[in-house]
Amino acid sequence: MSSLETEPEFRTKSETTAPNDVQFRGSTDFVLITDHRTSQYRSQEQLLTNPEEEQSCMRKIFRKKILYKRLPILQWLPKYTVADAIGDLIAGITVGLTVIPQGLAYSSVAGLPTQFGLYGSFMGCFVYVILGTCKDSTVGSTAIASLLTYQVAKGVWQRAVLLTFITGLMEICMSIFRLGFLVDFVSGPVSAGFTSAVALIVSTSQVKNILGVKSEGASFLQRWISMINDIHNIRVNDAILGCCCVIILISLRAVGRIKLGPKESGELKWYQGLLNRMFWFMGVMRNATLVITCAAVSMYLESQGKHYFRLTGHVPEGLPIPAIPPFSIEAMPGNETLGIPPIEGESFFTMISNLGYGLIIVPMIAMLENISVCKAFAKGKPIDATQELFAIGVANVANSFFQGYRGNGGLARSAVNNASGVRTPMANLYIGLVVMFALVYLTKYFYFIPLTVLGAIIISAVIFQLQYHVIKPMWRSKRSDLIPGVVAFITCLVLPLEIGILIAIGVNMLFILYHSARPKVSLETIETMEGYKFLKLTPDRCLIFPSVEFVRNMVLKSGNKTHLPVVLDCTYIYGADYTAAKVISSMVEDFKKRGQKLIFFNLKPSVVHIFEGLKCKLVLCYNAKSLLDELKQTETPTVKSECDIPPSLKFDMSNGDNQSTTSTITLTKYKSRF
């Protein structure tokens, strides 16, 4: 409520026959303003009590606070118990067995050899143990990171590793300069549309493995057109196995959510608890179980000389050799006999040019994905976005030294981690060790994994990321929010992801600018107890260049329809700019030329300073008494007989001199919105 409306010296006079042309439509959004006082003076007052002792204490606390914030392991490691170690060990092994098949599968989404999915799934985990803040989050290959890597690096592993290194450095710099607020420019509808588009694109990229057809092109439509054109080359065995695997994985996912007995764990019988744990284990281990089973069957068939399925093929054994990320690509001749195409050389600047917009978009999307994972398991606790950004940046820099491509916090893996009873980020240590064990001892068995099984794992995982459930609530709350969501969905399907998300963010910004350019302005006719009347207009937000012309036109149009003084209630105007000052100066001159009083009520000193920069002479009032004095200079009071007022509308109001006076208010209140 405006501060002017609370003044006891004024009452509202209604106008039931307001002309239609006075009512203007604008944005219904509002800005709630509380207190604009700066804390500078309060801080100085506190320091003046005991400056030396206070500053010394603050300096010590500041250092300790920063150390604990940047090394979160110092907070939970001293309290680490045997129960925590057992919980983390079980969760780490469970998630590690999930990461292995996912890493193998996501490498094909990134367009890279199979081993690269595992190369980027262990060093990031080790870093996150020290720097991570969320106990449930794990760092590794994800659908979004893999797809972005493919669209930016175009399947060249040197570019993918360099992208990981540079974007990691950018995330570190963003955390140092506290640029985590940039993720706020990606609204919920845009994020939902982007995630849904990624789910469809990733699923489409794996249909080729299930059907055994060719899939070429960078966009969703190009891939489907390519697969339809090559549908006559479908491999029936792969298609049948792939479809069966998708059905099995989805069924096991449903089985893992079965809960027998009452909801309260204390009321469960022993056999109900045992069955619930068995169902949960079947759901969690569905990927690893399916991969092991199909690999064993494929190995047996291969030993019998029966080549029914396309296999993963050779995966290099052992851990990657630590090396500096490639800053250039050496040209290499091809081999027509072996079907190896020639490789063109690229300099560092050529590689950077080829990465293009991805160097900006990838860190932003990664930050959005990581923060979403942390919020999903925070249970209302605050999230340190700056520290999470720093941890993921350092993790990706470490990945790049082991030929790994980008890794983010995955929601599916984190859900498994949470359900497995994780206690601290130490579980990431065991996840990394499981992946390293697989690279050293199990790569020879990866050869027999059918590609269609890996495709089924990805499809069954990302298909549930379609954000269709947000459409109905969005339709009920604010339908216009569907527009940027639909734009993000369509553009990301038709265009490369980095361009599609930029277009969607741009459309969303246009909506924000529209609302800022069309503020809500309330219009009232106010009458003092002495009978002085004036027209009061109250904008609900700051005056900046998109909105000031709209407000100016409304004030001038309203002022032209009456001879009353116009009072602009500036309670909610907490900021202005040069354009606003210029327009306000022109508006003041217009009112001065036609001899109509324009009064600015409760205009904040910081805004006055901006307006006075253009030598704009304003009539300022900061209380009811000064406003009444200004009105006395411009208008003769309207005197009404007390007998004309219905008894129900009479009430006493005390003025500043402690004198009781009868005040009136009419039956209805006129307030129009601009």
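1. Contact, as the word is used in this note, means heavy atoms within 4.5 Å. In that sense Thr149, Val152 and Ala153 of helix α7 meet Arg159, Ala160 and Leu163 of helix α8, and by class this contact is made up of four nonpolar, one polar and one charged residues. The model discussed here is a predicted one.

2. As to the geometry of that pair, helix α7 (residues 143–153) packs with α8 at an angle of about 120°, the two axes lying 9 Å apart, and the crossing in which α7 passes α8 is right-handed.

3. For the protein chain as a whole, there are 27 helices and 11 strands, and 49% of the 674 residues count as buried. Among the contacts with a separation of 6 or more, 78% are accounted for by residues 24 or more positions apart.

4. Helix α8 (residues 157–176) also packs with helix α14 (residues 348–355), their axes coming within 11 Å and crossing at roughly 80°. Because angles of 65 to 115 degrees count as roughly perpendicular, α8 and α14 are described as roughly perpendicular to each other. On the α8 side the residues in contact are Gln158, Arg159, Leu162, Leu163 and Ile166, and they meet Phe348, Met351, Ile352, Asn354 and Leu355 of α14; these residues divide into seven nonpolar, two polar and one charged. Arg159 and Leu163 are thus named in the contact with α14 and also in the contact with α7.

5. Helix α4 (residues 82–109) and helix α18 (residues 427–441) pack at an angle of about 40°, with 7 Å between their axes, which makes α4 oblique to α18. The crossing of these two helices is right-handed. From α4, the residues Ala85, Asp88, Leu89, Gly92, Ile93, Val95, Gly96, Leu97, Val99 and Ile100 meet Ala427, Tyr430, Ile431, Val434, Val435 and Ala438 of α18, and by class the contact has 13 nonpolar, two polar and one charged residues.

6. Turning to the nonpolar cores, the largest has 107 residues, of which Phe194, Val202, Phe446, Val453 and Leu497 touch the most other members. Leaving aside residues up to four places away in sequence, Phe446 touches Ile100, Leu104, Leu118, Thr312, Gly313, Val315 and Ala438; of these, Ile100 and Ala438 also appear in the contact of α4 with α18. A second core, separate from the largest, has 29 residues, including Cys570, Phe591, Phe600 and Leu603. In soluble globular proteins, nonpolar side chains tend to be buried together.

7. Valine 397 lies in helix α16 (residues 385–400) and, with a relative accessibility of 14%, counts as buried, since the cut-off for that class is under 20%. Apart from residues up to four places away in sequence, valine 397 touches Phe165, Gly168, Leu169 and Ile172. Its C-alpha atom is separated by 9.7 Å from that of glutamate 171, although valine 397 and glutamate 171 are 226 residues apart along the chain.

8. Threonine 452 is found in helix α20 (residues 451–462), where its relative accessibility of 0% means that this residue counts as buried. With residues up to four places away in sequence again not counted, threonine 452 touches Asn209, Ile210, Asp238, Leu241 and Gly242.

Terms used:
Residues numbered from 1 in each chain as written. Predicted model: local features only at pLDDT ≥ 70, side-chain atom pairs only at ≥ 80, totals over all residues. Heavy atoms only, no water. Axes fitted to C-alpha atoms, helices over the stretch in contact; angles between N-to-C directions. Helix = DSSP H or I, 4+ residues; strand = E, 2+ residues; numbered from the N terminus. Parallel < 35°, antiparallel > 145°, perpendicular 65-115°, else oblique. Left-handed = near helix turned anticlockwise from the far one by under 90°. Nonpolar A, V, L, I, M, F, W, Y, C, P; charged D, E, K, R; others polar. Core = buried A, V, L, I, M, F, W, Y, C linked by side-chain atoms within 4.5 Å. Buried < 20%, exposed > 50% of the residue type's maximum accessible area, 1.4 Å probe, protein only.
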